[in-house]
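Student: I have a structure open on my screen, and I would like to learn how to read it. Could you walk me through some features, one at a time?

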Amino acid sequence: GDKAIDLLERARRGQPEELDLILELAETHLAEGHLAQGLELFAQGAAACQQSGQRERACEALRRMKVLAPTDTSIMLRLSLLYLELGRLHESEQELRGVLRQNLNHEGALMLLGEVSQLKGQGRDACLAFNRLISLNPERWDALEKMAEVLQSQGLISDAIRHYLQSAEGY
């Protein structure tokens with residue numbers, strides 16, 4: 001209970017960067033019904049794990065956060081980026097689709113979904129994501145450039161050149 005939280009807080013003061021303490025403290029706060037404190041500590045733990053190169057542990061902390069806040073798109077987006085870094089493209093895509101279920105016009109999620117689809121060899125899905133993004137923001141030169149790459153890989157050279165030129169004009 002509160003005594004456990006107090007003891008863990010004291011231990012953490014001596015080792016503020018200790019990941020196991022951060023995550024244990026987050027769990028203890030959750031067990032006591034302190035949702036906000038638990039979420040904040042999991043966020044700190046995820047960031048610390050990621051900084052120290054422990055991406056799998058960072059994913060675990062973010063998954064715990066997602067259970068507690070299932071509609072928080074920032075958690076889904078961070079989790080998607082970690083999955084992408086780990087080469088777990090399907091899971092990255094699923095998180096991005098979760099973001100887009102919440103906000104169909106999320107530019108960051110659309111860009112990443114296009115890139116993940118491109119990496120998966122799904123040119124049609126990549127084009128759909130990039131087209132959606134370009135229709136929302138015609139000055140997304142990076143999306144125009146990525147669209148050109150996909151079109152070029154599909155052998156649509158004249159369309160690719162057109163997109164490369166549009167992108168170059170913007171840069």
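Student: Let me start with a backbone angle. Which residue just after α7 takes a positive phi?

Tutor: Before we begin, keep in mind that this is a predicted model. The residue you want is Gly-121, which has a positive phi of about 80 degrees just after α7. You can find another case after α3: Gly-53 follows that helix, and its phi is positive too, near 85 degrees.

Student: How do I check the length of a helix, and what span should the 13 residues of α7 have?

Tutor: Use the rise of 1.5 Å a residue, applied to one less than the number of residues. For α7, that predicts a span of 18 Å, and the end C-alpha atoms are 18 Å apart, so expectation and model agree. Try α3 next: with 17 residues, the helix should span 24 Å, and its end C-alpha atoms do lie 24 Å apart.

Student: Now I want to look at the sides of a helix. Which residues of α7 are buried?

Tutor: Here is the general idea first. An α-helix has 3.6 residues a turn, so residues three or four places apart point the same way. In α7, the buried residues are Ala-109, Leu-110, Met-111, Leu-112, Leu-113, Gly-114, Val-116 and Ser-117. Their cover includes α5, α6, α8 and α9.

Student: And which helices do the buried residues of α3 pack against?

Tutor: They pack against α1, α2, α4 and α5. The buried residues of α3 are Gly-38, Leu-39, Leu-41, Phe-42, Ala-43, Gly-45, Ala-46, Ala-48 and Cys-49.

Student: Let me zoom in on one of those. Is Ala-43 buried or exposed?

Tutor: To decide, compare the relative accessible area with the cut-off: under 20% means buried. Ala-43 has 18%, so this residue counts as buried. Ala-43 sits in α3, and beyond its neighbours within four places in sequence it is in contact with Met-65 and Arg-78. Look also at Leu-62: it is 19 residues from Ala-43 along the chain, yet their C-alpha atoms are separated by 7.1 Å.

Student: Leu-62 is in another helix, then. At what angle do the axes of α3 and α4 cross?

Tutor: At roughly 160 degrees, and the axes come within 8 Å. An angle over 145 degrees counts as roughly antiparallel, which is why α3 is roughly antiparallel to α4. The crossing itself is left-handed. On the α3 side, the contact includes Leu-39, Phe-42 and Ala-43, while α4 brings residues including Ala-58, Leu-62 and Met-65. By class, this contact has 11 nonpolar, 1 polar and 3 charged residues.

Student: Can we practise on another pair? How do the axes of α5 and α6 cross?

Tutor: The axes of α5 and α6 come within 8 Å and cross at roughly 160 degrees. Therefore α5 is roughly antiparallel to α6. Here, too, the crossing is left-handed. Residues that meet include Met-76, Leu-77 and Tyr-83 from α5, with Leu-89, Leu-96 and Val-99 among those from α6. The contact of α5 with α6 has 8 nonpolar, 5 polar and 2 charged residues.

Student: And what does α6 do with α7: how close do their axes come?

Tutor: Those axes come within 9 Å, crossing at roughly 155 degrees. So α6 is roughly antiparallel to α7, and the crossing is left-handed. Glu-93 and Arg-97 are among the α6 residues in the contact, and Leu-113 and Val-116 are among those of α7. The residues divide into 10 nonpolar, 1 polar and 2 charged.

Student: Glu-93 caught my eye. What does Glu-93 touch?

Tutor: Leaving out residues up to four places away in sequence, Glu-93 touches Leu-113, Val-116, Lys-120 and Gln-122. With a relative accessible area of 7%, Glu-93 is buried.

Student: Last one: how does Asp-125 in α8 count at 25% relative accessibility?

Tutor: Asp-125 counts as partly exposed. Setting aside residues up to four places away, Asp-125 touches Arg-97 and Ser-117. Compare sequence and space once again: Asp-125 and Leu-113 are 12 residues apart in sequence and 8.3 Å apart, C-alpha to C-alpha.

Technical notes. Residues numbered from 1 in each chain as written. Predicted model: local features only at pLDDT ≥ 70, side-chain atom pairs only at ≥ 80, totals over all residues. Heavy atoms only, no water. Axes fitted to C-alpha atoms, helices over the stretch in contact; angles between N-to-C directions. Helix = DSSP H or I, 4+ residues; strand = E, 2+ residues; numbered from the N terminus. Parallel < 35°, antiparallel > 145°, perpendicular 65-115°, else oblique. Left-handed = near helix turned anticlockwise from the far one by under 90°. Contact = heavy atoms within 4.5 Å. Nonpolar A, V, L, I, M, F, W, Y, C, P; charged D, E, K, R; others polar. Buried < 20%, exposed > 50% of the residue type's maximum accessible area, 1.4 Å probe, protein only.
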